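Visitor: Hi, can you walk me through this one while I have it open? I'd like to start with a helix.

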Amino acid sequence: MMQLPARPADGGRRYPGFHTMAQAGRWDPVTRAAVESRLGPLPGIRFFTPQEEACARALVDQLLDQRDEPRVRVVELIDARLAEDQTDGWHYDNLPPDREAWSRSLAALDDEAREEHGDDFAGCAREDQAAILNSIHALGRGSWRGFPADRLWSLWTRYACTAFYSHPWAWDEIGFGGPAYPRGYKNLGIDRLEPFEVPDANPFDNPVRPRGDAVDKGTS
């Protein structure tokens with residue numbers, strides 16, 4: 001088994017002491033290799049331009065509240081999908097295809113930031129970035145720089161969350177034991193834990209809460 005990399009505190013405050021990769025020996029070789037690849041060095045940026053990459057990093061750090069290292073390399077994972085045109089197989093009819101929508105919307109974020117704060121989005125203070133994103137989200141079904149705001153928000157968050165929650169560090173945070181193949185799960189039902197699972201240390205904490213400055217109260 002690979003040596004476990006530096007990572008955030010195991011399990012965080014919800015599942016202290018839990019580490020998904022401790023279960024890797026139970027997975028078949030193909031599954032284990034696929035998961036372990038997400039912990040190693042990722043390919044370099046292939047789709048985003050340097051300007052787009054800087055904007056995308058600031059955007060997803062706001063959406064996911066990643067402030068410190070080590071970070072899940074969300075931008076690299078999104079970039080790989082876009083470079084290989086690995087979409088969800090559909091896109092909103094009032095948005096361009098995903099690759100075009102990402103490039104155009106990142107440019108629009110930079111335009112907005114320059115007009116409002118005199119700098120590119122990545123160069124703005126975190127609170128100014130958050131204010132821009134909150135203003136976009138607050139538009140709901142309205143329009144923002146030619147985009148339907150709610151559909152654009154869905155595009156950004158869908159890609160960001162898919163990338164983040166494909167990573168074992170995110171699994172640690174939610175107490176997920178990883179792929180069930182080939183072992184499977186035997187203790188099905190509410191509060192019926194497997195021997196390797198850890199009970200939630202804060203079961204009455206609100207599990208649906210904003211992550212980061214960019215999402216204010218009432219935002220999902």
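**Helix α1 and beyond**

Guide: Sure, and keep in mind that the model is predicted. In helix α1, residues 29-37, the buried residues are Thr31, Val35 and Glu36.

Visitor: Why do they line one face of the helix?

Guide: Looking down the axis of α1, its buried residues fall within an arc of 125°, so they line one face. In general, an α-helix has 3.6 residues a turn, so residues three or four places apart point the same way.

Visitor: Which residues are exposed on the other side of α1?

Guide: Pro29 and Val30 are exposed there.

Visitor: And what covers the buried residues of α1?

Guide: The cover includes α7, residues 168-174.

Visitor: What goes on at the start of α1?

Guide: A side-chain oxygen of Asp28 comes to within 3.2 Å of the backbone nitrogen of Val30.

Visitor: New topic. Which residues make the nonpolar surface patch?

Guide: Tyr165, Ile174, Phe176, Tyr185 and Leu188 make that patch, which is about 440 Å².

Visitor: Where does Tyr165 lie?

Guide: Tyr165 is in the loop between α6 (149-164) and α7. Its relative accessible area is 31%, so Tyr165 counts as partly exposed.

Visitor: What about Arg81, buried or exposed?

Guide: Arg81 is in helix α3, residues 74-83. Its relative accessibility is 14%, so Arg81 counts as buried; the cut-off for that is under 20%.

Visitor: Which residues does Arg81 touch?

Guide: Leaving out residues up to four places away in sequence, Arg81 touches Gln86, Thr87, Asp88, Tyr159 and Thr162.

Methods: Residues are numbered from 1 along each chain as its sequence is written. This is a predicted model: local features need pLDDT of at least 70, side-chain atom pairs count only at pLDDT 80 or more; totals for chains, interfaces and linings use all residues. Side-chain values use heavy atoms; hydrogens and water are left out. Buried means under 20% relative accessible area, exposed over 50%, partly exposed in between (1.4 Å probe, protein chains only). Helices (H or I, at least four residues) and strands (E, at least two) are DSSP runs, numbered from the N terminus. The arc is that of the directions from the helix axis to the C-beta atoms. Contact means heavy atoms within 4.5 Å. A polar contact is a pair of N or O atoms within 3.5 Å; within protein, one must be able to donate a hydrogen and the other to accept it, and residues adjacent in sequence count only if both atoms are side-chain atoms. Patches are made of residues with over 30% relative accessible area and no salt bridge: like charges are joined within 9 Å, nonpolar side chains (Val, Leu, Ile, Met, Phe, Trp, Tyr) within 5 Å. Accessible areas come from the Shrake-Rupley method with a 1.4 Å probe; for residues, only the protein chains shown count as cover. A salt bridge is a side-chain nitrogen of Lys or Arg within 4 Å of a carboxyl oxygen of Asp or Glu.
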